[in-house]
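Trainee: Could you take me on a close look at one strand of this fold and what surrounds it? I'd love one connected walk-through.

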Amino acid sequence: MKLWVLRHGEAESQANTDAERRLTAHGREQVLHSAARLLGQPLQAIIASPYVRAQQTAALVHDTLGFGEPVRTVPWLTPESDVQQVIGEIERLGLEHVLLVSHQPLVGTLVGVLEQGHKQQPAAMSTASLAELEGDWPLAGLMTLRAINSPA
C-alpha cells in the first residue's frame, strides 16, 4: 500500500470559523507544486477533510492530475480527528494507493504513528507538505516513511 498525506496549502488567518478558512494565492501555488509530485502515481482515491482549505487543496490536486474520480469528502480528516479512527478508516477503504488531504495536528501525528507506532514524535508537516508512506498495511508502526516534500 502507498499512502500520501498532504497538508492543505497556506490559508487565510481569519474567517468566521476555522472550517471556512480559504487558501491564499501563495497557498494555491504551494499546492500546485506538491501536486506535481503526484503526476504519474497510480492513485485510486483522493480523500479530503470537509474544511474549505482542504477541499480547495484536493480540488487543485484533482484538476492538476486530471483525476477521473471525484474527491471523497469525509468527516474523519478534520484537524482534531482521532488518529486511530483515521487508521481504521484507511484500512476499511481496502485501496492500495490513496491520497489524504487534511490539517495539522492530524497529518503530523498520523504520519508519526504510521511510521513509529506512537504519538510522541509527530512528523514536521508545513503547509502543502506531502508525505509518502509505504507498507503492507496501514497500521501503527508498520509503514515506512519514504519522503516528506515541502514546497519551496
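Mentor: Happy to! In this predicted model, 4 of the 5 residues of β5 are buried, so β5 is largely enclosed by the rest of the structure. Buried here means under 20% relative accessible area, with exposed over 50% and partly exposed in between (1.4 Å probe, protein chains only). Helices (H or I, at least four residues) and strands (E, at least two) are DSSP runs, numbered from the N terminus. Residues are numbered from 1 along each chain as its sequence is written, and side-chain values use heavy atoms, with hydrogens and water left out. As the model is predicted, local features need pLDDT of at least 70 and side-chain atom pairs count only at pLDDT 80 or more, while totals for chains, interfaces and linings use all residues.

Let's start with the partners of β5. Five strands would not complete the picture: β5 belongs to an open sheet of 6 strands, in the order β3-β2-β4-β1-β5-β6, with mixed pairing. The edge strands, each pairing on one side only, are β3 (72-73) and β6 (144-149). Two strands count as paired if DSSP finds at least two bridges between them. On one side, β5 runs antiparallel to β1, joined by 5 bridges; here W4 has E132 in β5 as its bridge partner. With β6, β5 (residues 130-134) also pairs in the antiparallel sense, over 5 bridges, and E134 has T144 in β6 as its bridge partner.

Now for what covers the sheet. Helix α4 (residues 106-116) lies across β1, β4, β5 and β6, running at about 155° to β1. Axes are lines fitted to C-alpha atoms, for helices over the stretch in contact, and angles run from 0 to 180 degrees between N-to-C directions. β5 and α4 are both among the elements that give two or more residues to the largest nonpolar core, and α4 gives the most, with 6 residues. A nonpolar core is a set of buried Ala, Val, Leu, Ile, Met, Phe, Trp, Tyr and Cys residues joined through side-chain atoms within 4.5 Å. Of the 26 residues in this core, L3, V5, L100 and L110 touch the most other members. Leaving aside neighbours within four places in sequence, L110 is in contact (heavy atoms within 4.5 Å) with V5, V83, V86, I87, I90 and L100.

Several of those names lead to α3: V83, Q84, V86, I87 and I90 in α3 meet L106, T109, L110, V113 and L114 in α4. The axes of α3 and α4 come within 10 Å and cross at roughly 70°. The two helices are therefore roughly perpendicular to each other, a label used for angles of 65 to 115 degrees.

Finally, look at the approach to β5. A128 is found in the loop between α4 and β5, and A128 is buried, with a relative accessible area of 0%. Apart from neighbours within four places in sequence, the contacts of A128 include L6, R7, H8, G9, N149 and P151. H8, for its part, sits in the loop between β1 (2-7) and α1 (25-36), and at 4% relative accessibility H8 also counts as buried. A128 and H33 are 95 residues apart in sequence, and 8.4 Å apart in space, C-alpha to C-alpha.

Key. Parallel < 35°, antiparallel > 145°, perpendicular 65-115°, else oblique.
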